[in-house]
Amino acid sequence: MQPQDVFSLNNYLNSSIPSPYPSHLPIASTFPINGQNTNPFYGFQSATNNPQSMSLSSNNSTSDEAEEQQTDKNIINERKQRRMISNRESARRSRMRKQRHLDELWSQVMWLRIENHQLLDKLNNLSESHEKVLQENAQLKEETSELKQVISDMQIQSPFSCFRDDIIPIE
(Lines give C-alpha, C1' and ligand atoms only; values in the text may rest on other atoms or scores of the structure.)
Protein backbone atom coordinates (compact mmCIF):
# COMPACT_ATOMS: atom_id res chain seq x y z
CA MET A 1 0.00 0.00 0.00
CA GLN A 2 1.46 3.37 -1.02
CA PRO A 3 1.60 6.25 1.50
CA GLN A 4 -0.81 8.30 -0.60
CA ASP A 5 -3.19 5.32 -0.60
CA VAL A 6 -3.07 5.20 3.19
CA PHE A 7 -3.67 8.92 3.37
CA SER A 8 -6.66 8.75 1.00
CA LEU A 9 -8.06 5.77 2.90
CA ASN A 10 -7.69 7.69 6.15
CA ASN A 11 -9.49 10.68 4.59
CA TYR A 12 -12.24 8.40 3.34
CA LEU A 13 -12.68 6.80 6.76
CA ASN A 14 -12.71 10.15 8.53
CA SER A 15 -15.15 11.73 6.09
CA SER A 16 -17.71 9.01 5.45
CA ILE A 17 -18.10 7.36 8.85
CA PRO A 18 -19.30 9.54 11.68
CA SER A 19 -17.15 9.22 14.76
CA PRO A 20 -18.73 7.59 17.82
CA TYR A 21 -16.49 9.74 20.03
CA PRO A 22 -17.17 13.30 21.08
CA SER A 23 -15.33 15.81 18.91
CA HIS A 24 -13.30 17.28 21.81
CA LEU A 25 -11.51 13.95 22.53
CA PRO A 26 -8.35 13.09 20.57
CA ILE A 27 -8.53 9.95 18.46
CA ALA A 28 -5.44 7.87 17.84
CA SER A 29 -4.99 7.06 14.20
CA THR A 30 -4.78 3.38 13.34
CA PHE A 31 -3.26 4.01 9.91
CA PRO A 32 0.18 5.40 9.11
CA ILE A 33 -0.01 9.06 8.20
CA ASN A 34 2.76 10.75 6.19
CA GLY A 35 5.03 7.71 6.39
CA GLN A 36 4.89 7.36 10.18
CA ASN A 37 4.93 3.80 11.36
CA THR A 38 2.31 3.64 14.11
CA ASN A 39 0.77 0.44 15.30
CA PRO A 40 -3.01 0.21 15.67
CA PHE A 41 -2.46 -1.30 19.12
CA TYR A 42 -1.88 2.10 20.82
CA GLY A 43 1.66 2.44 22.02
CA PHE A 44 3.01 -0.92 20.94
CA GLN A 45 5.95 -0.84 18.63
CA SER A 46 5.81 -2.22 15.17
CA ALA A 47 6.67 -5.90 14.76
CA THR A 48 9.57 -5.09 12.43
CA ASN A 49 11.36 -2.94 15.05
CA ASN A 50 10.73 -5.33 17.93
CA PRO A 51 12.98 -8.34 18.67
CA GLN A 52 9.80 -10.21 19.59
CA SER A 53 8.71 -9.93 15.96
CA MET A 54 10.51 -13.18 15.27
CA SER A 55 8.33 -14.94 17.80
CA LEU A 56 5.25 -13.29 16.28
CA SER A 57 6.23 -14.41 12.81
CA SER A 58 6.99 -17.87 14.11
CA ASN A 59 3.48 -17.87 15.50
CA ASN A 60 2.19 -18.09 11.94
CA SER A 61 1.86 -21.79 12.61
CA THR A 62 -0.31 -20.90 15.61
CA SER A 63 -2.43 -18.68 13.44
CA ASP A 64 -2.63 -21.50 10.90
CA GLU A 65 -3.68 -23.81 13.72
CA ALA A 66 -6.20 -21.20 14.87
CA GLU A 67 -7.53 -20.94 11.31
CA GLU A 68 -7.68 -24.72 11.14
CA GLN A 69 -9.48 -24.88 14.47
CA GLN A 70 -11.87 -22.19 13.25
CA THR A 71 -12.42 -24.15 10.04
CA ASP A 72 -13.03 -27.30 12.11
CA LYS A 73 -15.49 -25.39 14.29
CA ASN A 74 -17.20 -24.10 11.16
CA ILE A 75 -17.42 -27.63 9.79
CA ILE A 76 -18.77 -28.91 13.11
CA ASN A 77 -21.30 -26.06 13.25
CA GLU A 78 -22.27 -26.73 9.66
CA ARG A 79 -22.78 -30.42 10.45
CA LYS A 80 -24.83 -29.48 13.52
CA GLN A 81 -26.94 -27.17 11.38
CA ARG A 82 -27.47 -29.87 8.76
CA ARG A 83 -28.28 -32.42 11.47
CA MET A 84 -30.70 -29.98 13.10
CA ILE A 85 -32.38 -29.28 9.76
CA SER A 86 -32.50 -33.01 9.04
CA ASN A 87 -33.99 -33.69 12.47
CA ARG A 88 -36.60 -30.99 11.96
CA GLU A 89 -37.52 -32.40 8.57
CA SER A 90 -37.68 -35.91 10.03
CA ALA A 91 -39.91 -34.67 12.87
CA ARG A 92 -42.13 -32.89 10.32
CA ARG A 93 -42.45 -36.09 8.27
CA SER A 94 -43.17 -38.04 11.45
CA ARG A 95 -45.90 -35.57 12.42
CA MET A 96 -47.36 -35.84 8.92
CA ARG A 97 -47.35 -39.67 9.10
CA LYS A 98 -48.96 -39.51 12.53
CA GLN A 99 -51.61 -37.08 11.27
CA ARG A 100 -52.28 -39.26 8.21
CA HIS A 101 -52.61 -42.33 10.44
CA LEU A 102 -54.92 -40.44 12.78
CA ASP A 103 -57.04 -39.31 9.81
CA GLU A 104 -57.23 -42.90 8.55
CA LEU A 105 -58.28 -44.11 12.01
CA TRP A 106 -60.97 -41.41 12.24
CA SER A 107 -62.18 -42.38 8.78
CA GLN A 108 -62.32 -46.00 9.87
CA VAL A 109 -64.18 -45.03 13.07
CA MET A 110 -66.74 -43.09 11.04
CA TRP A 111 -67.15 -45.96 8.56
CA LEU A 112 -67.58 -48.47 11.42
CA ARG A 113 -70.11 -46.21 13.15
CA ILE A 114 -72.13 -45.94 9.93
CA GLU A 115 -71.91 -49.70 9.40
CA ASN A 116 -72.90 -50.31 13.03
CA HIS A 117 -75.88 -47.96 12.65
CA GLN A 118 -76.94 -49.74 9.44
CA LEU A 119 -76.60 -53.14 11.12
CA LEU A 120 -78.66 -51.95 14.10
CA ASP A 121 -81.36 -50.68 11.74
CA LYS A 122 -81.32 -53.99 9.90
CA LEU A 123 -81.50 -55.90 13.20
CA ASN A 124 -84.44 -53.75 14.35
CA ASN A 125 -86.22 -54.31 11.04
CA LEU A 126 -85.62 -58.06 11.26
CA SER A 127 -86.82 -58.11 14.87
CA GLU A 128 -90.00 -56.30 13.86
CA SER A 129 -90.48 -58.68 10.93
CA HIS A 130 -89.87 -61.63 13.23
CA GLU A 131 -92.49 -60.32 15.67
CA LYS A 132 -94.97 -59.89 12.81
CA VAL A 133 -94.24 -63.40 11.54
CA LEU A 134 -94.68 -64.82 15.04
CA GLN A 135 -98.00 -62.98 15.42
CA GLU A 136 -99.13 -64.12 11.97
CA ASN A 137 -98.06 -67.68 12.76
CA ALA A 138 -100.00 -67.60 16.04
CA GLN A 139 -103.02 -66.21 14.21
CA LEU A 140 -102.80 -68.92 11.53
CA LYS A 141 -102.51 -71.63 14.18
CA GLU A 142 -105.60 -70.23 15.87
CA GLU A 143 -107.50 -70.17 12.57
CA THR A 144 -106.35 -73.72 11.84
CA SER A 145 -107.63 -74.95 15.18
CA GLU A 146 -110.94 -73.11 14.64
CA LEU A 147 -111.34 -74.66 11.21
CA LYS A 148 -110.56 -78.12 12.59
CA GLN A 149 -113.18 -77.57 15.22
CA VAL A 150 -115.70 -76.52 12.56
CA ILE A 151 -114.95 -79.61 10.47
CA SER A 152 -115.21 -81.81 13.51
CA ASP A 153 -118.53 -80.27 14.44
CA MET A 154 -119.80 -80.74 10.90
CA GLN A 155 -118.86 -84.39 10.89
CA ILE A 156 -120.61 -85.01 14.15
CA GLN A 157 -123.76 -83.31 13.01
CA SER A 158 -123.97 -85.13 9.70
CA PRO A 159 -126.37 -88.15 9.82
CA PHE A 160 -124.43 -90.07 7.21
CA SER A 161 -120.95 -89.54 8.52
CA CYS A 162 -120.41 -93.12 9.62
CA PHE A 163 -121.14 -94.51 6.13
CA ARG A 164 -118.74 -92.33 4.26
CA ASP A 165 -115.32 -93.75 3.42
CA ASP A 166 -113.85 -90.61 1.95
CA ILE A 167 -113.87 -88.63 5.21
CA ILE A 168 -110.42 -87.74 6.27
CA PRO A 169 -109.80 -88.12 9.99
CA ILE A 170 -108.87 -84.93 11.79
CA GLU A 171 -105.67 -85.05 13.59
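Select Arg-82 and Glu-78 to begin. Both residues belong to helix α3, and four residues, about one turn of the helix, separate them. This is a predicted model, and in it the two side chains meet in a salt bridge, at 3.6 Å from N to O. Colour the pair by accessibility next. Arg-82 is partly exposed, its relative accessible area being 49%. Glu-78 is also partly exposed, at 47% relative accessibility.

How many salt bridges does the structure hold? There are three. The pair just selected, Arg-82 and Glu-78, forms one of them.

Now move along to Glu-89 and add Arg-92 to the selection. These two residues form a salt bridge, and their closest N and O atoms lie 2.3 Å apart. Both are in helix α3; because they are three residues apart there, about one helical turn separates them. Glu-89 is partly exposed, with 30% relative accessible area. For Arg-92 the relative accessible area is 36%, and this residue too is partly exposed.

Keep Glu-89 selected and add Arg-93. Here the side chains of Glu-89 and Arg-93 meet in a salt bridge, with 3.9 Å from N to O. Again the two residues lie in helix α3, this time four residues apart, about one turn of the helix. Arg-93 is partly exposed, with a relative accessible area of 40%.

Show Glu-89, Arg-92 and Arg-93 together. What links these three residues? They are joined in a network of salt bridges. Glu-89 takes part in the contact with Arg-92 and in the contact with Arg-93.

For the last stop, go back to lower residue numbers and select Asp-64, Glu-65, Glu-67, Glu-68 and Asp-72. Which charge does this surface patch carry, positive or negative? The five residues named gather in a patch of negative charge on the surface.

Within that group, pick out Asp-72. This residue lies in helix α3, which covers residues 60-157. Is Asp-72 buried or partly exposed? Asp-72 is partly exposed, and its relative accessible area is 38%. Patch members need over 30% relative accessible area and no salt bridge, so the 38% of Asp-72 passes the cut-off for area.

To finish, show helix α3 over residues 60-157 with these selections on it. The view then includes Asp-72 from the negative patch, the Arg-82 and Glu-78 bridge, and the network of Glu-89, Arg-92 and Arg-93.

Terms used
Residues numbered from 1 in each chain as written. Predicted model: local features only at pLDDT ≥ 70, side-chain atom pairs only at ≥ 80, totals over all residues. Heavy atoms only, no water. Patch = residues over 30% accessible without salt bridge, like charges linked within 9 Å, V, L, I, M, F, W, Y side chains within 5 Å. Areas by Shrake-Rupley, 256 points an atom, 1.4 Å probe, with all protein chains shown as cover. Salt bridge = Lys/Arg side-chain N within 4 Å of Asp/Glu carboxyl O. Lys, Arg positive; Asp, Glu negative; His and termini not counted. Charge placed at Lys NZ, Arg CZ, Asp CG, Glu CD. Buried < 20%, exposed > 50% of the residue type's maximum accessible area, 1.4 Å probe, protein only.
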